[in-house]
Amino acid sequence: MDRFHALLIASYGRHYLAQRLVTDSTGHESPQGDLIQVSTPAKQHIGAVGDRMLLEMTSIDQARIIQIEPRENLLYRSDAFKSKLIASNVDQILVVLATQPAFSPDLLGRAVVAAEANQIGLHILLNKCDLKDNLAHARKIIEPYARMGYPVSEVSAKFDRASIDALRPALQGKVSVFVGQSGMGKSSLLNAWVPNAAALTQEYSVRLDTGKHTTTACRYFELPQSWGRNAAGKLGALIDSPGFQEFGLAHMSVSELQHAFREFKDYLGKCRFHNCAHLSEPDCAVREAVDKNEIAPERLALFRQLWSDSKTADTQIQGISQAKERWSALAIKPSKR
């Protein structure tokens with residue numbers, strides 16, 4: 001059977017679409033050709049949009065996964081019981097916020113932590129800046145991240161085309177993934193940068209059989225040829241992820257969490273205790289930095305919440321494992337007669 005390399009360009013649950021990877025005139029690979037439905041072993045949810053795969057055709061428009069190639073990174077969210085893949089092999093996260101409706105500072109902070117942990121770039125987009133009523137409040141929430149060096153752009157996808165076009169250089173040649181709550185204007189930004197996105201979304205939805213649930217699918221869109229390439233000739237892309245309210249990071253250890261807070265790095269190793277959790281331990285360098293306004297108190301509060309989430313998940317997983325062991329022992333224990 002025909003085997004070939006492909007890019008996973010859309011996912012909905014365990015349903016995937018891919019396109020063959022073809023080397024273009026600049027020497028870079030890009031997905032081209034007909035959409036191919038992809039099946040997974042035992043209907044497992046193992047793929048993420050952005051995955052490079054080795055596929056084998058099983059019919060005229062269907063294929064099965066032979067291998068997922070090693071990923072440069074994998075962005076996902078998790079709790080103690082399940083994980084949800086978002087995208088792989090991405091260069092930057094575009095965190096989309098809006099002046100209205102109000103956005104979640106917690107989700108913003110968690111997205112920043114996920115970016116740092118995966119060594120992925122991050123760009124904050126404050127959309128709907130034509131709505132001035134809550135603009136000052138939104139800027140105040142974002143200000144600590146701008147102070148730490150994360151780029152922030154104020155845009156209006158519907159009413160200020162110049163603000164959207166000004167971001168083209170930040171997108172050229174990069175695979176960017178949208179992250180944000182519903183209602184922030186991700187679709188408006190996508191349509192502004194990829195004019196045929198609506199038609200492609202409809203085609204993906206028909207092939208994935210999502211019905212009305214198009215907003216729960218994740219999709220890959222190449223940028224226009226007219227401006228989407230970087231100096232090396234690589235064409236950029238946007239991954240449109242579903243809107244979500246929570247960004248669980250229960251899979252991260254305490255050590256991983258500490259190193260994912262950019263502003264903590266100068267203080268790690270300077271606490272009295274080497275395993276300091278920056279809670280109530282004496283001579284904590286991180287808490288002292290908060291008292292000196294060198295670290296925003298909201299960031300320390302977020303770290304403590306993530307630390308608690310991680311510990312809670314560990315306890316829940318351990319409890320589940322112990323329960324399974326007890327039930328297994330009961331299942332094989334011979335009955336007394």
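What follows is a walk through a predicted model, taking in its largest pocket, two of its helices, its aromatic pairs and a few unusual backbone spots.

The pocket makes a handy starting point. The largest pocket holds about 430 Å³ of space. Its lining is made up of 20 residues, and those closest to the centre are Glu29, Arg52, Val175, Tyr220 and Lys234. Two elements, β3 (29–39) and β12 (218–222), each give two or more residues to this lining. Of the elements, β3 gives the most, with three residues. Sorted by class, the lining of the largest pocket comes out as eight charged, seven nonpolar and five polar residues.

Next come the helices, beginning with α1. Helix α1 covers residues 105–117, and at 1.5 Å a residue its 13 residues should span 18 Å; the C-alpha atoms at its ends are 19 Å apart, which agrees. Ten of those 13 residues are buried, so α1 is largely enclosed by the rest of the structure. The buried residues of α1 include hydrophobic names such as Leu107, Leu108 and Val112, but Arg110 and Glu116 are on the list too. Just after the helix comes Gln119, which has a positive phi, near 55°.

The loop on the other side of α1 has its own quirk. Gln100 and Pro101 are joined by a cis peptide bond, with omega at about -5°. Pro101 sits in the loop between β8 (92–98) and α1.

Helix α5 (residues 186–193) tells a story of sides. Its buried residues are Lys186, Leu189, Leu190, Ala192 and Trp193. Looking down the axis of α5, these buried residues fall within an arc of 165°, so they line one face of the helix. The general background is that an α-helix has 3.6 residues a turn, so residues three or four places apart point the same way.

Trp193 also turns up among the aromatic contacts. Six aromatic pairs are found in a search of the whole structure. In one of them, Phe178 and Trp193 are stacked, at 6.4 Å centre to centre and with 15° between the planes. Phe178 belongs to strand β11 (residues 175–179) and Trp193 to helix α5, so this pair ties together parts that are 15 residues apart in sequence. Both Phe178 and Trp193 are buried.

Another of the pairs, Phe261 with Phe303, is edge-to-face: the centres are 5.7 Å apart and the planes make an angle of 85°. Phe261 lies in the loop between α7 (254–259) and α8 (285–291), while Phe303 lies in helix α9 (residues 297–332), so here the pair ties together parts that are 42 residues apart in sequence. Phe261 has a relative accessible area of 0%, so it is buried. Phe303 counts as buried as well, at 0% relative accessibility. These two residues and Phe264 form one aromatic cluster.

Two asparagines round off the backbone picture. Asn89 has a positive phi, near 55°, in a residue other than glycine. Asn89 is found in the loop between β7 (83–88) and β8. With a relative accessible area of 15%, which is under the 20% limit, Asn89 is buried. Asn293 has a positive phi too, near 65°. Asn293 is part of the loop between α8 and α9. Its relative accessible area is 64%, over the 50% cut-off, so Asn293 is exposed.

Notes:
Residues numbered from 1 in each chain as written. Predicted model: local features only at pLDDT ≥ 70, side-chain atom pairs only at ≥ 80, totals over all residues. Heavy atoms only, no water. 1 Å grid on protein atoms, 1.4 Å probe; cavity = no way out; pocket = protein on both sides within 12 Å on 5 of 7 lines; lining within 4 Å. Points joined across faces, edges and corners; volume = space filled by probe spheres on them. Helix = DSSP H or I, 4+ residues; strand = E, 2+ residues; numbered from the N terminus. Buried < 20%, exposed > 50% of the residue type's maximum accessible area, 1.4 Å probe, protein only. Arc of directions from axis to C-beta. Expected span 1.5 Å × (residues − 1). Phe/Tyr/Trp six-rings, centres within 6.5 Å; stacked < 30°, edge-to-face > 60°.
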